[in-house]
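Here are a few friendly notes to read with the model open beside you. Have a look at the fold first, then follow the points in order.

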Number of protein chains: 2
Amino acid sequence: MIAEIIAVGSEMLTPFRQDTNSLYLTAALNDLGVQVAYKTIVGDSLAHLTSAAAIAISRADIVIFSGGLGPTEDDLTREAAAAAIGVELHPDNGILAALYKRFAARQMVMPPNNAKQADVLDGALALDNKNGSAPGQYLDTVVDGHRKIVILLPGPPNELKPLFDEQVRPRLAASLPIRHLAKRMLRMALIPESHVDARTAPIYKQYPDVETTILAHSGEIQLHFLCAKPTLSEAQARVDELTGKIEAEMEDAIFSSHGESLEEVVLLHLGMRHLTLATAESCTGGLLAQRLTAIPGSSRYFLGGAVVYSDALKTAFADVPAELISTHGPVSPEVAHSLAEGIRARTGASLGVSITGIAGPTPGSPGPDANKPIGLVYIGLADGHETQVKEFRLPGDRDRIRLWASQQALELVRRHLL
Amino acid sequence: MIAEIIAVGSEMLTPFRQDTNSLYLTAALNDLGVQVAYKTIVGDSLAHLTSAAAIAISRADIVIFSGGLGPTEDDLTREAAAAAIGVELHPDNGILAALYKRFAARQMVMPPNNAKQADVLDGALALDNKNGSAPGQYLDTVVDGHRKIVILLPGPPNELKPLFDEQVRPRLAASLPIRHLAKRMLRMALIPESHVDARTAPIYKQYPDVETTILAHSGEIQLHFLCAKPTLSEAQARVDELTGKIEAEMEDAIFSSHGESLEEVVLLHLGMRHLTLATAESCTGGLLAQRLTAIPGSSRYFLGGAVVYSDALKTAFADVPAELISTHGPVSPEVAHSLAEGIRARTGASLGVSITGIAGPTPGSPGPDANKPIGLVYIGLADGHETQVKEFRLPGDRDRIRLWASQQALELVRRHLL
């Protein structure tokens, strides 16, 4: 069975807005064993929407609409779906009563337009929407001799997701062959995608029944594995066998085998060893601290740190000797070394990590840094016994250099804690 | 004339990847006066792709394909477009020679598959791709008695964008009625979209010839204005007249009338007044500093600061008296006040800004903060003469509370500098 997802709304045909519901719906459909063959984005025009609906119903077994179920003149999904399937709409008295009640509860008179939200496709089941006024609809029917499942969902994600999970997913599951899915994800940082593929392809190609997807973004490689079998234990066994072999091949490069982010893994390792961390950031300007503090509970292992953007603050907050900076330049292994030790001592953290570099777009400041290239980054790590400093030459623009520098710092801490 | 954009690639029918080229293409087409009526996303299946191509060519005047032009078996856009239009493909000898040369330059033998990249639709113009091997194609033809412009572009954005800008845009412009566009954008922070709309709609509705779009995201409201006229001065005059009236209505709420971000505006104001800024962040954990340092050149006005995630660091880096924290709790106006003054004094900055709050998901720590609600945030601003503290109750989850807190802090500094 194949599916088509139709996102309805003229705002998604502007340069400003994108359909995102389809990513969620695609994941949910894939879990049910259904592939998405087409996605269509169409505006609030009855002619365009009816034509898109008719095409989808002719070429897909399951058609899911998101959006266009509200009370305004522009909300035309119900009308278009009815015309495309060849059925009528009828008002559902239960929904109509609920709509009147909703307005009455807020001591308002319902504008007449709103009644159209109670219009249901003949033969369809209305799906209660607990986060909004427009109900969803589920129609399992036959069009031109073929079984078609047509689903209408509201556009706002906070309405669409619970409605799909609670009312659509179980109905679809009951209509489809039973299958059991096993999934895993392995995550690696800072390795080129081509290296990962070259080393893992000979392994995963021996598992044609496991769908392997390699994704690269933001200094990270993800390997997604998906396997469907008649029983869950069979599916799980295949996925575990394959991931086990890939873990053996990639070893320490894998930072997460259960989906945690790199910052979560670093915090977990700190927690297991009862250690704390502090940061002193120059070119990343708080990005590393921000990533760590984005994780709930990070305050137990991350004490904080300093954003030492100016030379004076490197001295004031991390006791880097001013003459060290004037001799070697703020972007130097010597300053990274001193910053890491200084922030550790000042904060009383078990580990101090420092980042100093040239993020661009302009090269280093006058003085010792004047001829150092954009992308040159030094990262220091002090643990009270020894202090290491690593040099990196990061490609790309300012944003990418900053992101990768924070990624390298997290990876340095992770490997230190292994 | 209406357009359809077809994004080709099975990876965009997974939960992991999304078409983003269409946003760029839509902006470019809108500038040329062309509306996008449909967007279709289709996988690397010849049958699906040919069907999608035929539908697009029947319903749109301009059809742009992105992706599926590479050398692999999965790259089928050329074949599908040819079948849908009813023309043949022929090898272009110039392109073929260039492909052989490309490989020779790297001392490699070209795999035979690559030759298919030189296949051109009969009647189409091949468009040189300076960032990749697959050329684009531009076909201006008649299908079933209707003029159709069919454009094939490579999928990678760094290939598609220059190819479109340099070779497609001028050709489309020459085929379409001349029009001159004026655009403006006004940006406001931290005002509900409905308030902005209520106050501005009576104004912009008097300008039906100016297309007004209101967008809300990340604690910011954007008003986009677009006007097309036979001459640029007419278009510009209408847009300027409308934005002038809206600026008069919204006054200081508008932080940017030429597109700058809130952090850029804050840095500009600091620069104009020869002032410097330092930050002390608790719940935002470096997010505010990270946003400021993301702007190139920020080091002239932003000195840095401290991420005072633990109570001890509030004292160590900003001299907040420990007894103030134990009496009032770290999330209190007293601590925000002391933090702002302390970070200003320690760094020697003209302005010190502080953020302390409860970002959740768990409520405040035991002690004085135990019963304070998630979303309670205090922001302090010290300028050496006086220190103000504002209290906020921010809704939403951890990420949203942190983002809005950083937004409120920037807005507080901006208004202070007005």
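1. A term to start with: contact means heavy atoms within 4.5 Å. Keep in mind as you read that this is a predicted model. Helix 1 (residues 21–31) of chain A lies across four strands of chain A, namely strand 1 (2–8), strand 2, strand 3 (62–66) and strand 8 (146–153). Relative to strand 2 of chain A, helix 1 runs at about 160°.

2. Now for the sheet, which is open, has twelve strands and shows mixed pairing. Its order is 6(A)-7(A)-8(A)-3(A)-1(A)-2(A)-2(B)-1(B)-3(B)-8(B)-7(B)-6(B). At the edges are strand 6 (125–127) of chain A and strand 6 (125–127) of chain B, each pairing on one side only. From one strand to the next, the twist averages 15°.

3. Where do the two chains join in this sheet? Strand 2 (residues 35–42) of chain A pairs with strand 2 (residues 35–42) of chain B, in the antiparallel sense and over five bridges. For one of the partnerships, look at Val42(A), whose bridge partner in strand 2 of chain B is Tyr38(B).

4. On symmetry, chain B superposes on chain A by a rotation of 180° with 0.2 Å of shift along its axis, at an RMSD of 0.2 Å. That is the relation of a two-fold axis. Of the interface residues of chain B, 100% are also interface residues in chain A, so the copies meet through the same surface.

5. Finally, please check Asp119(A), in strand 5 (residues 119–121) of chain A. Asp119(A) is buried yet has no salt bridge. The nearest side chain of opposite charge is Arg78(A), 5.4 Å away, whereas a salt bridge needs the nitrogen and oxygen within 4 Å. Leaving aside neighbours within four places in sequence, the contacts of Asp119(A) are Arg78(A), Leu89(A), His90(A), Pro91(A) and Gln137(A).

Notes
Residues are numbered from 1 along each chain as its sequence is written. Chains are lettered from A and ligands numbered from 1 in the order in which they are written. This is a predicted model: local features need pLDDT of at least 70, side-chain atom pairs count only at pLDDT 80 or more; totals for chains, interfaces and linings use all residues. Side-chain values use heavy atoms; hydrogens and water are left out. Two strands pair if DSSP finds at least two bridges between them. Axes are lines fitted to C-alpha atoms, for helices over the stretch in contact, and angles run from 0 to 180 degrees between N-to-C directions. Copies are superposed by least squares on the C-alpha atoms of residues with pLDDT of at least 70 in both. Buried means under 20% relative accessible area, exposed over 50%, partly exposed in between (1.4 Å probe, protein chains only). Lys and Arg count as positive and Asp and Glu as negative; His and the chain ends are not counted.
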